[in-house]
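Here are a few notes from my pass through this one. Have the chain open next to you as you read.

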Amino acid sequence: MEYWAGELGNNYIEGIQHGNVMDSVYNFLKSEEPKIKYPYENLFLDNGAFSIFKNNYNKKKNEVQINLDNIIDIQEKLKPQYTIPFDYPLDPQMNIKNMEQNWQKTVKNIDYWTNCTNLNLIPALHGWNKTSLNKNLHLLQKKDFDYIALGSAFILKEKFKGFFGDRQPNKNIYEAFLYLSSLGKKLGIDIHVFGLGASPLTYHFAAFCEIKSSDSSGYRRKAAYGKIILPQTAERYAGNGSATFGLKTKNGITYNKIFSKDEKIKLAECKCPECRKITKHGYRRWKHLCSDWKIRAIHNKWVMEQEEKISQECIKQGWEIYEHFINKMMEKSSLKNLWEFIKSTKERYF
Ligand SMILES: [Zn+2]
């Protein structure tokens with residue numbers, strides 16, 4: 001994967017260094033003078049469509065009015081490296097005719113943005129089965145795009161209810177990614193996937209599927225729920241200021257129960273800006289991480305960025321090297337079956 005962007009929430013955490021960052025037009029809809037108030041290197045700006053429709057669905061009275069020119073205005077003022085023409089996401093409740101209509105509206109906006117802005121555009125791709133994804137991707141290629149963002153994909157199997165981030169990794173989602181990235185490769189189109197890469201495991205799976213980029217607010221979400229991630233490991237508990245070494249707390253959470261020997265070493269060796277403040281001692285570092293969700297967010301984001309570096313290094317050396325690296329990581333994981341499926345499916349599509 002070329003890059004992973006940490007998605008921002010509404011409040012900026014002091015101390016986080018943002019390289020690639022995902023922000024949304026939605027956060028600026030009411031600003032008179034939209035301005036990014038945090039340091040960053042590259043800004044990927046979402047068009048806010050998903051949040052606007054979600055808000056309007058939940059609060060029928062306070063609907064956000066969709067004003068395309070206002071959205072363009074915000075995008076132009078924030079000068080992102082990439083942004084997305086306003087699109088109309090699909091919903092699993094819709095019938096095919098409504099999905100087709102939404103896609104036509106999305107295409108109309110892609111043309112509008114292309115004609116009246118100088119923004120660097122990544123259009124959103126939507127599809128409701130393999131045929132429509134294939135057809136719609138070809139249409140974007142004809143319009144000269146070489147980088148697209150996967151909006152919604154409802155494909156491959158009936159029970160597949162669409163992709164809404166990687167909270168529940170499953171075979172259908174990864175088959176959809178592999179189908180699209182292999183097709184993209186033939187057409188010379190790179191793929192961005194929204195909301196993917198909340199943990200090292202799902203990040204490496206997506207990178208192995210040859211997805212070019214993704215963004216995720218998972219590092220923050222996990223931190224807020226009292227979770228930390230460690231290199232090549234799923235999330236671990238470090239929450240709510242309750243750090244206990246050996247003795248059981250009410251809910252039975254103890255340092256010795258949570259971490260394996262290897263994981264304790266990983267924590268003691270962590271070089272993130274927060275862990276570095278504490279001596280190289282797993283338990284003391286865990287206590288520090290337990291004390292504040294913002295500290296956990298800084299740690300989690302740093303770990304994800306190291307995973308990204310490792311992934312890029314491995315891919316440079318060859319896909320076999322990367323496969324070997326993930327194999328090792330998955331030896332004891334509960335997602336081992338999913339990993340085996342991804343490998344065999346990649347062989348079928350590529
Ligand atoms: Zn750390």
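The points below cover one helix, one helix pair and the nonpolar core.

1. First, a caveat: this is a predicted model. Please read every value here as computed from that model.

2. Take a look at helix α6, residues 200-208. Nine of its nine residues are buried, so the rest of the structure largely encloses this helix. The buried set runs through Pro200, Leu201, Thr202, Tyr203, His204, Phe205, Ala206, Ala207 and Phe208.

3. Just past that helix, check the backbone: Glu210 follows α6 and has a positive phi, near 65°.

4. Next, how do α11 and α12 pack? Helix α11 covers residues 293-317 and helix α12 covers residues 319-330; their axes sit 5 Å apart at an angle of about 135°. Since the oblique class leaves off at 145 degrees, above which a pair counts as roughly antiparallel, α11 is oblique to α12.

5. Which residues make that contact? From α11 they are Cys314, Ile315 and Gln317, and from α12 they are Trp319, Ile321, Tyr322 and Phe325. Sorted by class, the contact of α11 with α12 has six nonpolar residues, one polar and no charged ones.

6. Finally, the largest nonpolar core, with 74 residues. Those with the most contacts inside this core are Ile148, Ala149, Phe177, Val193, Ala206 and Cys209; Ala206 is also among the buried residues of α6. Helix α11 supplies the largest share of the core, eight residues. Domain 1 (3-216) and domain 2 (227-301) each contribute at least three residues to this core.

Note on methods. Residues numbered from 1 in each chain as written. Predicted model: local features only at pLDDT ≥ 70, side-chain atom pairs only at ≥ 80, totals over all residues. Buried ≥ 20, exposed ≤ 12 C-beta atoms within 10 Å, placed from the backbone. Helix = DSSP H or I, 4+ residues; strand = E, 2+ residues; numbered from the N terminus. Axes fitted to C-alpha atoms, helices over the stretch in contact; angles between N-to-C directions. Parallel < 35°, antiparallel > 145°, perpendicular 65-115°, else oblique. Contact = placed C-beta atoms within 7 Å. Nonpolar A, V, L, I, M, F, W, Y, C, P; charged D, E, K, R; others polar. Core = buried A, V, L, I, M, F, W, Y, C linked by C-beta atoms within 7 Å. Domains from an automatic or database assignment.
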